[in-house]
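Me: I would like to go through this structure and ask what stands behind each label. Please set the values against the cut-offs as we go.

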Amino acid sequence: MTLVSHGRYTIDAADSKTVGRLDQGESVFFLRQLEYIDTQAYMVKYPALMGRRLLPSISVPSTMHAYTYGQYKEYGIGKLIANMGDDLPMVNVAGSQFTSRIVPIGDAYGYDIFEIQAAAATGFPLDALKAQAARYACEVGVDYLLAAGTMPDGTTITGVLGLYNQTGTTPYTPITKQLGGTNWGTLQAPNATGDEVAADIMGIAANLYAVTKQIWQKFKIILPVAQYNYAIQKRLGSVSDTTALAFAMANCPYIESIEPWWNAPANTMVAFPNDPVAVGAIVSQEWTPEPPQARNLMWIINSYMKTGGVVSKYPVAISYGVGI
């Protein structure tokens, strides 16, 4: 048995008489292929996984198992005082600590020795799609956690929150439409006029600006894809070329951007400042493939990421508009 290394990988290579194991030449080829495949996996872009692009990032070392932060509130206000006054008002600060778990999201991919031997003999590269699929599967899990603190199968992870299940947030009630209710409807069956849609979008931003007492000047608004498509196509009347979304962006100074997210809960819009002090996503470790492990007639590569979901130190700066 001989140890064969390339880059950060090391595996055991068999001598030429060992059946069911890779020889030294095949082992070197396999390790070189893994380095190439890892690079290809990192180069792939995943535009549908929006959570990490939409949310500010909070930096946490990859070795940490939890992220603890404080929420503080100041009490008291100064008053006019007289010379030698002894009735100055007391002020105080109350704080609470909160901890978000940092959890690994993982999967594995592999190659059997026969495809490795055939690839080594022909010089044909191994299939990079397996590594790409492994990274994508991990990224999907992270995206779901960043959205609602749950996995794709609906499993809830204790101690990890997403953007849409924070507590202590600012509620916003969409306006009642002329046709009844608060929902917008669809382009095929509209329930809200372009003016009403624009009023809802501008209203959630203006309300959050007032509630947070002008601490933040602009807010990002995220819509479900269906409502985003409605807002970006619904015109302000039959003779106008201006859509509800374009009107809101142009006329509300408190809106930074309006973006869609397929992972957003149905009929719910959310607004928040693009500031990690207010709300931020924790992805403490990027997709990491481990050295290959021999298992029966296969080489298995385990891979994982780490995430702590979404943390909000000022949840009042997040506003949900439910029922659009």
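Reply: Two residues are in contact when heavy atoms lie within 4.5 Å. In this predicted model, among the contacts between residues at least 6 apart in sequence, 72% join residues at least 24 apart.

Me: What does the chain contain in helices and strands, and how many of its residues count as buried, in percent?
Reply: There are 7 helices and 15 strands. Of the 324 residues, 44% count as buried, and the cut-off for that word is under 20% relative accessible area.

Me: Why is Lys-213 called exposed?
Reply: The relative accessibility of Lys-213 is 67%. Exposed means over 50%, so Lys-213 counts as exposed. Lys-213 sits in the loop between α5 and β7.

Me: What is notable about the phi of Lys-213?
Reply: Phi of Lys-213 is near 55°, a positive value in a residue other than glycine. Most residues other than glycine have a negative phi. Asn-296 also has a phi near 55°, again positive and again in a residue other than glycine.

Me: Where is Asn-296, and why is it put in its exposure class?
Reply: Asn-296 belongs to the loop between β12 (293–295) and β13 (298–307). Its relative accessibility is 77%; the cut-off for exposed is over 50%, and therefore Asn-296 counts as exposed.

Me: Why is Ala-199 called partly exposed?
Reply: Ala-199 has a relative accessible area of 29%. Buried needs under 20% and exposed needs over 50%, with partly exposed in between, so Ala-199 is partly exposed. Ala-199 is part of helix α5.

Me: What does Ala-199 touch, leaving out residues up to four places away in sequence?
Reply: With those residues not counted, Ala-199 touches Tyr-172 and Ile-175. The C-alpha atoms of Ala-199 and Ala-248 are separated by 7.7 Å, and these two residues are 49 apart along the chain.

Me: What makes strand β7 mostly covered?
Reply: Strand β7 covers residues 219–223, and 5 of its 5 residues are buried. Each therefore falls under the 20% limit. In a regular strand the side chains alternate between the two faces of the sheet. In β7, Phe-219, Ile-221 and Leu-223 point one way, Lys-220 and Ile-222 point the other way, and all are buried.

Me: How do you know that β7 pairs with β8 and with β9?
Reply: Pairing requires at least two bridges between the strands. β7 and β8 (residues 255–260) have 5 bridges, in the parallel sense. β7 and β9 (residues 268–272) have 3, in the antiparallel sense. Both counts meet the requirement, so both are pairs.

Me: Which residues of β8 and β9 stand across from residues of β7?
Reply: In β8, Ser-257 is the bridge partner of Lys-220 and Glu-259 that of Ile-222. In β9, Ala-271 stands opposite Ile-221.

Me: What is the strand order of the sheet, and what is its pairing called?
Reply: The order is β6-β15-β9-β7-β8, an open sheet of 5 strands with mixed pairing. The edge strands are β6 (170–172) and β8, since each pairs on one side only. From one strand to the next the twist averages 20°. Helix α5 (residues 194–211) packs on this sheet, touching β6, β7, β8, β9 and β15 (319–322), and its direction makes about 150° with that of β6.

Me: What lines the largest pocket, and what is its volume?
Reply: The volume is about 450 Å³. The lining includes Tyr-72, Lys-73, Glu-74, Lys-213, Trp-216 and Tyr-314. Strand β3 (residues 66–75) gives the most to the lining, with 3 residues. By class the lining has 7 nonpolar, 1 polar and 3 charged residues.

Me: What is the make-up of the lining of the second largest pocket?
Reply: That lining has 6 nonpolar, 7 polar and no charged residues. The second largest pocket has a volume of about 190 Å³. Of its 13 lining residues, the closest to the centre are Tyr-69, Phe-98, Leu-161, Gln-166 and Thr-167. β3, β4 (92–101) and β14 (309–311) each supply at least two lining residues, and the largest share, 3 residues, comes from β4.

Key: Residues are numbered from 1 along each chain as its sequence is written. This is a predicted model: local features need pLDDT of at least 70, side-chain atom pairs count only at pLDDT 80 or more; totals for chains, interfaces and linings use all residues. Side-chain values use heavy atoms; hydrogens and water are left out. Buried means under 20% relative accessible area, exposed over 50%, partly exposed in between (1.4 Å probe, protein chains only). Helices (H or I, at least four residues) and strands (E, at least two) are DSSP runs, numbered from the N terminus. Axes are lines fitted to C-alpha atoms, for helices over the stretch in contact, and angles run from 0 to 180 degrees between N-to-C directions. On a 1 Å grid over the protein atoms alone, a cavity is a set of points where a 1.4 Å probe fits but cannot get out, and a pocket is an open set with protein on both sides within 12 Å along at least five of seven lines; lining residues have an atom within 4 Å of a point. Grid points are joined across faces, edges and corners, and a volume is the space filled by probe spheres set on the points. Ala, Val, Leu, Ile, Met, Phe, Trp, Tyr, Cys and Pro count as nonpolar, Asp, Glu, Lys and Arg as charged, and the others, Gly among them, as polar.
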